[in-house]
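Here's a quick walk through one model, starting from a single side chain and working towards the ligand and the odd backbone spots. Have the viewer open as you read.

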Amino acid sequence: MNFKKASAFLRIFFPFLVSFGLTFLLFGIFTVVKFNTYEVLILKKELYGLFFSFMIVYSVITFILVLLLYKRIRKISHYAGEVSQGKQASGPREDREGVFRHLITNIDAMSDRLKDQTESAGQEQKRIFAILESMVEGVLVIDAEHKIIMANSTLARAFDLTQEDVRGKYFWEVFRDSEINEMIKKSLSSQTQSKREHPALLTDSIFEIQVSPVFGGLKFLGVVAVFHNVTKLKALERAQNEFVANVSHELKTPLTSILGYIETLKNGAIDNVKDRSEFLNIIEDHSKKLHLLIEDLLVLSKAESDRQKLKKETVDLEPMLLRIFRFYEKPIKTKGLTAHVELVPKPFSVLADPGALEQALSNLIDNAIKYNSPSGSIDVRAVYEPGTVRIEIRDTGIGISPADQTKIFERFYRVEKSRSRELGGTGLGLSIVKNIAERHLGKIEVQSLTPKGTVFSLILPQ
Ligand SMILES: Nc1ncnc2c1ncn2[C@@H]1O[C@H](COP(=O)(O)OP(=O)(O)O)[C@@H](O)[C@H]1O
Ligand SMILES: [Mg+2]
């Protein structure tokens with residue numbers, strides 16, 4: 001026991017020691033020594049009186065001291081209580097130097113440590129929330145009491161919810177989709193993982209939902225549901241399936257016909273000169289269609305694969321257009337069409353991939369010939385606009401209705417299937433043009449008033 005501790009001890013117990021000392025001393029004197037003289041008896045009486053008055057004064061002082069002590073202990077216990085609740089408290093200042101200084105210092109240290117731990121736990125939670133917030137998947141965290149702890153903004157956006165709609169609510173109050181609720185409920189009760197694909201109610205989206213239990217050691221804390229939006233993926237899958245079905249159908253129709261005529265020829269028609277030449281012509285016709293279709297499919301698949309990267313260069317437009325018109329000379333003549341090219345200034349240069357640009361213009365001119373009226377005209381015009389070039393191909397043909405204008409760029413879409421087939425169309429030409437325009441970061445536009453002809457505009461950034 002060092003000097004400081006001893007003095008503190010003495011300060012507290014001094015009144016006790018004095019009173020006990022005095023009492024023992026007096027009793028000792030009066031019991032051991034038998035004084036019986038009158039003066040001594042008076043002295044004895046007075047001493048008793050003194051002793052009892054001292055005891056009364058001492059009791060009062062002790063009572064006051066205990067009261068003060070009780071008040072201080074109450075203050076300290078209040079301080080400890082606040083610290084235990086994680087509140088910001090400063091503690092009784094007067095005791096930092098007094099007898100309770102060790103206790104207060106320890107509570108202070110505890111408070112500091114608790115503050116540090118709470119702060120770092122808060123930061124950790126903020127970091128985790130920030131990670132969940134930045135995820136492209138929707139995330140929903142639910143505690144073991146079925147209440148929502150957090151829903152990230154991707155999820156809130158997908159289900160049109162605000163943070164106020166969500167926080168602290170039971171999940172079944174927020175999500176009106178019974179299948180989603182059932183899934184979460186099952187995972188919460190069985191504490192196991194579940195996964196399914198589900199077109200969520202009141203949204204246009206299909207989600208792959210995975211609900212996983214969360215444990216802290218052995219304790220079950222709740223579940224985390226991750227919503228992965230697979231709508232685009234599903235649409236792509238559907239488009240792919242449709243494309244395969246369309247290609248198979250387009251290939252099957254001429255092939256069935258070719259096989260049918262070959263069969264007929266083999267069964268005797270080959271001996272009839274008239275039938276033979278007619279059937280062979282039909283077979284040739286269908287073979288040409290198949291050839292065209294396969295060529296267009298190859299162009300499309302080449303255009304869509306990343307392998308065929310664009311090689312942009314300065315292209316002189318006039319010789320390219322003349323080359324295309326020369327290629328279509330025969331059908332133009334047959335239909336009695338007149339073609340006209342207007343380019344200002346000359347030479348008219350365009351920054352584009354030459355092969356892709358020629359393919360796109362060929363497809364547009366091919367349509368302007370095929371869907372034109374007899375003795376109609378085709379006008380090609382190119383103009384520079386701020387940052388772009390606009391190449392217009394105008395015809396005087398049957399035109400395209402507004403409803404069809406939105407669909408003609410889809411693969412295999414034809415306004416009049418039989419007419420297009422008759423003209424040797426595959427239904428792929430405009431989807432190839434659109435693909436080429438988009439790969440140049442440009443676009444293709446159509447304007448048409450049935451039956452007054454059509455204008456296709458290929459717009460490319462320069
Ligand atoms: N210049 C045009 N005038 C009228 N209709 C057109 C024109 N260009 C395209 N179309 C319509 O759009 C459809 C799709 O065109 P496209 O993709 O080139 O396929 P196709 O092989 O049938 O020509 C055509 O079948 C036709 O109905
Ligand atoms: Mg075409």
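Let's begin with a short polar contact: the backbone oxygen of threonine 192 sits 2.7 Å from a polar atom in the side chain of serine 187. Keep in mind that this is a predicted model. Serine 187 belongs to helix 7, which covers residues 178–190. Is serine 187 buried or exposed? Its relative accessibility is 1%, so serine 187 counts as buried. Leaving out residues up to four places away in sequence, serine 187 touches Thr192, Gln193, Ser194, Val211, Phe220 and Val223.

**Around the ligand**

Now for ligand 1. The space it takes is the largest pocket. Helix 12 (354–370), helix 15 (429–439) and strand 12 (454–461) are the elements that give two or more residues to the shell around ligand 1. In total, 20 residues surround ligand 1, and the closest are Asp395, Ser420, Thr426, Gly427 and Leu430.

Three polar distances to ligand 1 are worth putting side by side:

| Atom of ligand 1 | Partner in the protein | Distance |
|---|---|---|
| oxygen | asparagine 367, side-chain N or O atom | 2.9 Å |
| oxygen | tyrosine 371, side-chain N or O atom | 2.9 Å |
| oxygen | valine 415, polar backbone atom | 3.1 Å |

How much of ligand 1 does the protein bury? Taken alone, ligand 1 exposes 530 Å², and the protein buries 97% of that.

**Helix 15**

Helix 15 deserves a closer look, as one of the elements that contribute to the ligand shell. Eight of its eleven residues are buried, so helix 15 is largely enclosed by the rest of the structure. The buried residues are Gly429, Leu430, Ser431, Ile432, Val433, Asn435, Ile436 and Ala437. Leu430 is also listed among the closest residues to ligand 1. What covers the buried part of helix 15? The cover includes helix 9 (273–304), helix 12, strand 11 (443–448) and strand 12. After helix 15 comes leucine 441, whose phi is positive, near 65°.

**Arginine 414 and its loop**

Arginine 414 is in the loop between helix 13 and helix 14 (417–422). With a relative accessibility of 8%, arginine 414 counts as buried, because the cut-off for that label is under 20%. Which side chain does arginine 414 pair with? A polar contact of 2.5 Å joins the side chains of arginine 414 and glutamate 250. Not counting residues up to four places away in sequence, arginine 414 touches Glu250, Ser420, Arg421, Gly425, Thr426 and Gly427. Ser420, Thr426 and Gly427 turn up again among the closest residues to ligand 1.

The loop between helix 13 and helix 14 also holds phenylalanine 412. Phenylalanine 412 has a positive phi of about 70° although it is not a glycine. At 3% relative accessibility, phenylalanine 412 counts as buried.

Helix 13 itself (residues 402–405) contains alanine 403. Alanine 403 comes out as partly exposed, because its relative accessibility is 49%. From its C-alpha atom to that of asparagine 246 there are 22 Å, with the two positions 157 residues apart along the chain.

**Backbone oddities**

Most residues other than glycine have a negative phi, and most peptide bonds are trans. Against that background, aspartate 160 is worth flagging, with a positive phi near 55°. Aspartate 160 is in the loop between helix 4 (153–158) and helix 5 (163–166). Its relative accessibility is 69%, so aspartate 160 counts as exposed.

Where do the cis peptide bonds before proline 345 and proline 347 fall? Proline 345 is in the loop between strand 7 (338–343) and strand 8 (349–352), and proline 347 is found in the loop between strand 7 and strand 8 as well. The bond from valine 344 to proline 345 is cis with omega near 0°, and the one joining lysine 346 and proline 347 is cis with omega about -10°.

**One last helix**

Isoleucine 104 is part of helix 3, residues 101–133. At 0% relative accessibility, isoleucine 104 counts as buried. Isoleucine 104 and alanine 80 are 24 residues apart in sequence, and their C-alpha atoms are 8.7 Å apart in space.

Methods: Residues are numbered from 1 along each chain as its sequence is written. Chains are lettered from A and ligands numbered from 1 in the order in which they are written. This is a predicted model: local features need pLDDT of at least 70, side-chain atom pairs count only at pLDDT 80 or more; totals for chains, interfaces and linings use all residues. Side-chain values use heavy atoms; hydrogens and water are left out. Helices (H or I, at least four residues) and strands (E, at least two) are DSSP runs, numbered from the N terminus. Buried means under 20% relative accessible area, exposed over 50%, partly exposed in between (1.4 Å probe, protein chains only). A polar contact is a pair of N or O atoms within 3.5 Å; within protein, one must be able to donate a hydrogen and the other to accept it, and residues adjacent in sequence count only if both atoms are side-chain atoms. Contact means heavy atoms within 4.5 Å. A residue is near a molecule or strand if one of its heavy atoms lies within 4 Å of it. Accessible areas come from the Shrake-Rupley method with a 1.4 Å probe; for residues, only the protein chains shown count as cover. On a 1 Å grid over the protein atoms alone, a cavity is a set of points where a 1.4 Å probe fits but cannot get out, and a pocket is an open set with protein on both sides within 12 Å along at least five of seven lines; lining residues have an atom within 4 Å of a point. A molecule sits in a cavity or pocket if more than half of its atoms lie within 2 Å of its grid points.
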